[in-house]
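Let's walk through this structure together, starting with how some of its helices pack and then stepping back to the whole chain.

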Amino acid sequence: MTVTQNRITVTVKSFATLREVMDARVQVDLPSGATIRSLLAELTGRYQGLGELLFAAPDTHRDFVNILKNGRNVEFLGRLDTPLEEGDLIALFPPLAGG
Amino acid sequence: MDGYAGKMAYADLSAGTVTIKPTPPELKKLYIGGRGFGIRLLTDMVDPKIEPLGEKNVIVYAAGPLTGTGIPLGSRYEVSTISPLTGAAMSANSGGVFGWKMKKAGFDAIVITGKSKKPVYLMLDNGKAELRNAAHLWGKTTGQTTDAIEEELKDKSVRVSCIGPAGEKLVLFACIINERARAAGRGGVGAVMGSKNLKAVVARGDLPIKAADEAQLALVKERVKKKIEENGIDKALHNFGTAVLVNIINENYVLPTRNFQTAHFPDAENVSGETMAKTILKKPKGCYACIVQCGRVCEFDDEKGEGPEYEPIWAFGPDCGINDLKMVARANNICNEYGLDAISAPATIACLMEMAEKGYVKHPIRFGDAKGMLKLVEQIAKREEIGDELAEGSFRFATKYGHPELSMSSKKQELPAYDPRGIQGYGLATATSVRGGDHVYGYMISPEILGAPEKLDPFVTTGKAQWVKTFQDLTAAIDASGMCLFTSFALGAEDYADLLSATTGMKITAAELLTVGERIWNLQKLYNIRRGFGRKDDTLPARLLTEQLKEGAPTGQVWRREEMLDEYYTLRGWDKEGTPTKEKQKELGLA
């Protein structure tokens, strides 16, 4: 990816029931300085129904929703304020379990 | 009524007799049922010096008081015995309908001792129990056995829990299968059945199972049903089955690949629950009273079967370097038909694949060879050619060829589908598991990867010992109750305590429930110490402690045993060797 005019491109992968409302893999162009919060704002604007699946209230994602940045849960980075960089891979998971 | 069927059957296979006795009140009070009954009876009856495949081993089938009461996901039964794979006292859990039917037939538990001279099956029938000839069933697969018994009894309402050829051949990780595809999977419980010439346990009946307080139970049932339905986790289980885990574990870079050489499989999507739902899935299927229905009925080409679940998908897929879901499903079906543990069988094949690639064993199999893998599964089940050596499990096999470090096992039982290097608490849970390599005796994946009941950093060791202890004790109590472990994603200890109180009439608090779990755990531990287990065994393969992960977020991680083990022992009230102190034993009524 090339960085143009202070913008970055990240790749987002969705899984399980999220695929009912959004693409399984999508590239998103964002302003430099974007965070997980601004990425989700972009995605929920683009995909109808996604916000309901991810958020219980504004700024609070649902229990058991997991968001990974390059394989690391953003809970242990900066949560919704986790900064994004060019080429980041974001994985979005709805509540799920197994074993 | 108190949720219990009220009776236990004692089948002495050497004498050819079955005796029926009331279920002891003290056993109910201190051990609840299921795994609690199994471990208490087993450890009371079996001399720790015995050989697991000898005549003196004992098998206990036990349901819980919540099994078959109509409570959502209240379907489970446990099979407890001394494992021929690990040498430890253990239990294996199964769902389906059999546990409910065993209680409808009038029995909370059955205790099987001795060895029959000829193949037999045990018939439980509306309060009666007898041994019947099974010579005509010997050699049959689990499906053929079930068909034959239904046919000879002219009754499709009977439920059959049986072994296949693998159990008869004493494969050390042979399992027991009920309703053709539900498995008491781990530890070689099927081999112990085979060693006793016991082909099956068959249940038929329509006796009532009533709670002590039906009105109160109805209220608690409604509450737990609502919690399960509102918990988003169970929707994903319904839609995609347990295989929904493939992608999330892979995206966390903790999906063991090629015998744990790496922890990320680039083709994971091909064998994921999402792909299964779009391709080979015919319909979801549930156990008795299940409102989740995580089971899978799959059909493709000329193949029809149930599963595969997440663990076999991982083991036949990424762990063997295979990305073909149909071949994985075929291999899983063979395991169900022959009665093989679908974790240990493929994990042992993955061990062979690495050893063959490295030239330690002369064999043509390589990672990614799906046809070769299918052939090996059958060879193991029949103990043919190299399958005879693999039937002893990966640890004995790898040791025989001079490389025990390539067996990805703990206490000689193959590890499940998560790399402990990137999930520290899970590593502690599986290393200290009293039944060996395991994920369902304390499922730390839930907080460390899935974020339930809260998100714990998987790379951190601080505080994990307490979580592991609590999960292990709670799981032991859930396994005693008869509930499916998947309820624990939505329910807490107080919910189980309320269900048990309403059902049994014994007033049980959440704290008392955890004490029952702790009692079961310590009893199992104490017995295993008498069989020679100690601190040295509470560990994982050297690869996981020394070889750093090289990809993704957990790059550089190894499993850090020493940061957690002493704290875990201290929290448990055990000494430095992992032996429960006299004070702890007295506190739990075990001294």
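In this predicted model, H19(B) and H21(B) lie roughly perpendicular to each other, because their angle of about 95 degrees falls within the 65 to 115 range that counts as such. Their axes are 7 Å apart, with H19 covering residues 464-481 of chain B and H21 covering residues 510-530. On the H19(B) side, the contact is made by Gln472(B), Asp473(B), Leu474(B), Thr475(B), Ala476(B), Ala477(B) and Ala480(B). Facing them from H21(B) are Leu513(B), Leu514(B), Val516(B), Gly517(B), Glu518(B), Ile520(B) and Trp521(B). Sorted by class, that makes nine nonpolar, three polar and two charged residues.

Now follow H19(B) to another partner, H23(B), which spans residues 565-572. Here the axes come within 8 Å and cross at roughly 50 degrees, so the two helices are oblique. The crossing is right-handed. Ala465(B), Gln466(B), Val468(B) and Lys469(B) of H19(B) meet Glu567(B), Tyr568(B), Leu571(B) and Arg572(B) of H23(B). This contact divides into four nonpolar, one polar and three charged residues.

Stepping back, what does chain B contain in helices and strands? There are 24 helices and 17 strands. The chain's radius of gyration is 22 Å, close to the 25 Å given by the globule rule for 591 residues, so chain B is as compact as a globular protein of that length. Its C-alpha trace spans about 60 × 50 × 50 Å along the principal axes, and 63% of its residues count as buried. Finally, of the contacts between residues at least 6 apart in sequence, 70% join residues at least 24 apart.

Methods. Residues numbered from 1 in each chain as written. Chains lettered and ligands numbered in written order. Predicted model: local features only at pLDDT ≥ 70, side-chain atom pairs only at ≥ 80, totals over all residues. Axes fitted to C-alpha atoms, helices over the stretch in contact; angles between N-to-C directions. Helix = DSSP H or I, 4+ residues; strand = E, 2+ residues; numbered from the N terminus. Parallel < 35°, antiparallel > 145°, perpendicular 65-115°, else oblique. Left-handed = near helix turned anticlockwise from the far one by under 90°. Contact = placed C-beta atoms within 7 Å. Nonpolar A, V, L, I, M, F, W, Y, C, P; charged D, E, K, R; others polar. Rg over C-alpha atoms; globule rule 2.2 N^0.38 Å. Buried ≥ 20, exposed ≤ 12 C-beta atoms within 10 Å, placed from the backbone.
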